[in-house]
Amino acid sequence: MQSLILTLPDDWHLHLRDGAALADTVPAAARQFGRGLVMPNLRPPVVTVARAREYREEILRARPPGSAWKPLMALYLTDNTAVEELRAAHASGLIVGVKYYPAGATTNSDSGVTRLEHVAPLLAEMERLDLPLLLHGEVTDPEVDIFDREAVFIERELTPLARRFPALRIVLEHVTTREGVDFVAAAPARIVATITPQHLLFNRNHLLAGGLRPHFYCLPILKRDVHQAALVAAATGGSGKFFLGTDSAPHPRTMKESSCGCAGCFSHHAALELYALAFERAGALDRLEGFASHFGADFYGLPRNAETVTLERTPWQLPETLSLGGEPLVPLAAGETLAWRMAARQPQAMP
Ligand code: DOR
Ligand code: ZN
């Protein structure tokens, strides 16, 4: 096969940051995707609908001329979120989900939820409104090994949560373990998961063997190869419960190559091509379209994109560095050669 035509994909989990970074991150998102679900972990976080609306306007100002790419917003849940804010989020038409960061789990999660119990009435309201809960599924208990934090979250938090709120729609974002995959696969249709390119292509050996490679450091952290295999099987298995969410999370090179490096891999320079590599390795390129372009839209109750994109078998080398607001950034798989490349798209009419 020399070329592959797909419905234009969407990214159901990405980080754009704010300020000067938007001039780089927004065009990168708009190049390969129709829509992007933008994470709210700014500093300070996006905790109100008014702030989400402003942030969305800022993002739209950075959209390349002629692009029809759409940012979809998420509200950052805290112990103090007001129930009225959730109602306003639901009514806004801009906010498609509410992001749950366990406090301290990852980048800019300090204002996250300290105990699930504290937000139970909010989850009940989200269930009533049918507003999806987007989970960073890791416990923060320092006694729990970092490689076990997702599996323990599923056992201690997610399993009781799913039982307690039987109609709440839940996305286990960036699932990284066999336990996570098994939980989602066995759950009802309202419980789904996104999968990143790095967790499909890499495992903890890439991060830790033969030298410490900070550009593979993200959270949840890359796991053993058996987990990677479970993720590949889930993504390529044709189930509508697993779909694309890159978790593209840019940090300047200096913040990654440091004695205390930040978590996050930037993948929007080649997201679709990296997923294509994972699917081709699994002999499942024919399943890429469902995963990348159909299942996420179906879950969020949005129309699938009408436009298409073409992947061509044209080897190309990924850049060693890019720019993030004027600072160097090292993207995922920097310098590697990929077999598939997305053909340039024609500018689309504005909606
Ligand atoms: O690796 C990560 N980076 N994981 C997260 O959960 C947050 C993200 C970021 O914002 O940099
Ligand atoms: Zn993320």
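Donors of a metal are here the N, O and S atoms within 2.8 Å of it, and because water is not among the atoms, a site may look incomplete. With that definition, the donors of the zinc ion (ligand 2) follow the spacing H-x1-H-x231-D along the chain. The model in which this site appears is a predicted one.

The pattern can be read residue by residue. The protein donors of the zinc ion are His13 through NE2, His15 through NE2 and Asp247 through OD, at 2.0 to 2.1 Å from the ion. His13 has a relative accessible area of 1% and is therefore buried. His15 also counts as buried, because its relative accessible area is 8% and the cut-off for that class is under 20%.

The second site to consider is that of ligand 1. This ligand is surrounded by 13 residues, and the closest are Arg17, Asn41, Thr106, Leu219 and His251. Sorted by class, the shell comprises 4 nonpolar, 7 polar and 2 charged residues.

Several polar contacts can be located within this shell. A polar side-chain atom of Arg17 is placed 2.8 Å from an oxygen atom of ligand 1. The side chain of His251 likewise has an N or O atom 2.8 Å from an oxygen atom of the ligand. Ala263 takes part through its backbone, where an N or O atom lies 3.0 Å from a nitrogen atom of ligand 1. Taken alone, ligand 1 exposes 290 Å², and the protein buries 100% of that area. The location of ligand 1 is the largest cavity.

Terms used
Residues numbered from 1 in each chain as written. Chains lettered and ligands numbered in written order. Predicted model: local features only at pLDDT ≥ 70, side-chain atom pairs only at ≥ 80, totals over all residues. Heavy atoms only, no water. Near = heavy atom within 4 Å. Polar contact = N/O pair within 3.5 Å; in protein donor to acceptor, adjacent residues only side chain to side chain. Areas by Shrake-Rupley, 256 points an atom, 1.4 Å probe, with all protein chains shown as cover. 1 Å grid on protein atoms, 1.4 Å probe; cavity = no way out; pocket = protein on both sides within 12 Å on 5 of 7 lines; lining within 4 Å. Sits in = over half its atoms within 2 Å of the grid points. Nonpolar A, V, L, I, M, F, W, Y, C, P; charged D, E, K, R; others polar. Donors = N, O, S within 2.8 Å, 3.2 Å for Na, K, Ca; no water. Buried < 20%, exposed > 50% of the residue type's maximum accessible area, 1.4 Å probe, protein only.
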